[in-house]
Amino acid sequence: MNETDRGHWGSRLGFIAAAAGSAIGLGNIWRFPYITGKFGGGFFVLIYILLLIFVGYPVMNSELLLGRKTQLAAVGTFKKLAPGTPWVIVGFMGVLAGFVILSYYSVVAGWALAYMFKSGVYMAVGADHGGIFVSSITSTWGGIFWHSVFMLLCIAVVAGGVEKGIEKWSLILMPVLVVLLIILIIRSVTLPGAGAGLSFYLTPNFSNFSGAGFLAAVGQVFFTLSLGMGCMITYGSYLKKEEDIPLVARYVVISDTAIALLAGFVIFPAVFAFGLEPGAGPGLTFITLPAVFAQMGAAGHIFGFIFFTLLMIAALTSAISLLEVVTAYSIDEMKFDRKKATIVAGVLIWALGLFPTLGYSTLSHIKLIKGMDLLDSFDFFANNMLLPLGGMLTAIFIGWYWGTDKALEEANISASRKLGSNYAFLIKYVVPIAIFVVFLNSVGLLG
Ligand code: PHE
């Protein structure tokens, strides 16, 4: 199969919309606010931003340039650059991560879809929002239904191709996401009592921050930027040779960070204005927020609908990139055509997703990792193990095997320029060491 058959992005803006769409997802709107709430607000945000610059940005460049260099997805990239070596395993780990992450991502996105359609009912004043959440995720057929609808949407987009499916839909959906977010921010920060939320969010507070906060921040950097699993290698493989990688990488990192920070401006002022708890954990968006909407009266139905539509759009543009990792692998390596590749990958991931879906009902007795239910176990395995390990090995691959000079050449940066020497230093030392510490901790060796 030659390069043109695989497809290319139609424009720079289209690529940025697709890559930012991949990065901006549940990680920004669901996960970032709740871990920020958990680790005390402002100071956590500061550490997170430093890690984005010194770990996230160099790895983003690395993945994009590897894919662009080989014009192949993750497995093909390592095969081509390191033929006959075990490096190909890093590519396979990425495909595995794509399977695992999308299988539960689709379950959470399914909850957002369900809330979107039922927002009129759910946002009732005085309702037991925790109870509603629990009953909706523990409904066997409801869970399966919404997970299936969401997977069908992903399959429909990815089967359309790189330019006519992923890029086209990202260019439509991302501006909608920004508009919805702005409407919600304006509502949230103008609520009476919003100031307490703003000061919680923006004032550095060292007391709740700990080593665990640092680890969570590193994990979040990888998850939110879609790194460590070949997703950006795959998206990079559709980039044209003349594209300026450091520039587009910067756009993607900055837009992802901006959306996460802005999501905080929706959640914290609203949560504080109604006297609720910011540290509620994963239930922050599905339990605390519906309670907030309920107290807004009739307008709450509208704002609830807008919020869950936003969450669903963010999830969809990320989920298609996860499906694309597996699809592109079967196109490149198994020579499937795109439709067949997408459908086979989508159906297999859908089937795997039945486990985390049923983990709250029929299979709730199964605790895979450290007493966690199936969805949290999948999330832990992918986020705390596969992604950091994948990111670390990718940095070591470039820094110590393939060579930062070749990487800089592919990215059209000269090693003598400051950007080039900084990149080499970060990729060889800072990134692998930072992740190694996190990884050791994840597997429980450090405590
Ligand atoms: N970046 C996405 C988010 O923040 C999740 C994701 C991870 C997507 C890995 C693709 C690959 O929600």
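These legends describe close-up views of a predicted model.

**View 1. The ligand and the residues around it.** Around the ligand stand 14 residues. Those that come nearest are A23, G27, Y105, F223 and S226. By class, this shell holds six nonpolar and eight polar residues. Charged residues are absent from the shell.

**View 2. Polar contacts of the ligand.** Backbone and side-chain atoms both take part. A backbone N or O atom of A23 sits 2.9 Å from a ligand oxygen. At L26, a polar backbone atom is 3.1 Å from an oxygen atom of the ligand. S226 uses its side chain instead: one of its N or O atoms lies 3.0 Å from a ligand nitrogen. On its own, the ligand has 320 Å² of accessible area, and the protein covers 100% of it.

**View 3. The cavity that holds the ligand.** The ligand takes up the space of the largest cavity. Four helices each give two or more residues to the shell around the ligand. They are helix 2 (12–23), helix 3 (26–38), helix 12 (211–224) and helix 16 (298–334).

**View 4. The start of helix 18.** Helix 18 covers residues 374–402. D373 caps its N-terminal end. A side-chain oxygen of D373 lies 3.1 Å from the backbone nitrogen of L375.

**View 5. The bend in helix 18 and what follows the helix.** Helix 18 bends by about 30° at L386. A proline, P388, follows within four residues of the bend. After helix 18 comes G403. The phi of G403 is positive, near 110°.

Methods: Residues numbered from 1 in each chain as written. Predicted model: local features only at pLDDT ≥ 70, side-chain atom pairs only at ≥ 80, totals over all residues. Heavy atoms only, no water. Near = heavy atom within 4 Å. Polar contact = N/O pair within 3.5 Å; in protein donor to acceptor, adjacent residues only side chain to side chain. Areas by Shrake-Rupley, 256 points an atom, 1.4 Å probe, with all protein chains shown as cover. 1 Å grid on protein atoms, 1.4 Å probe; cavity = no way out; pocket = protein on both sides within 12 Å on 5 of 7 lines; lining within 4 Å. Sits in = over half its atoms within 2 Å of the grid points. Nonpolar A, V, L, I, M, F, W, Y, C, P; charged D, E, K, R; others polar. Bend = angle between axes of the 7 residues up to and from the residue.
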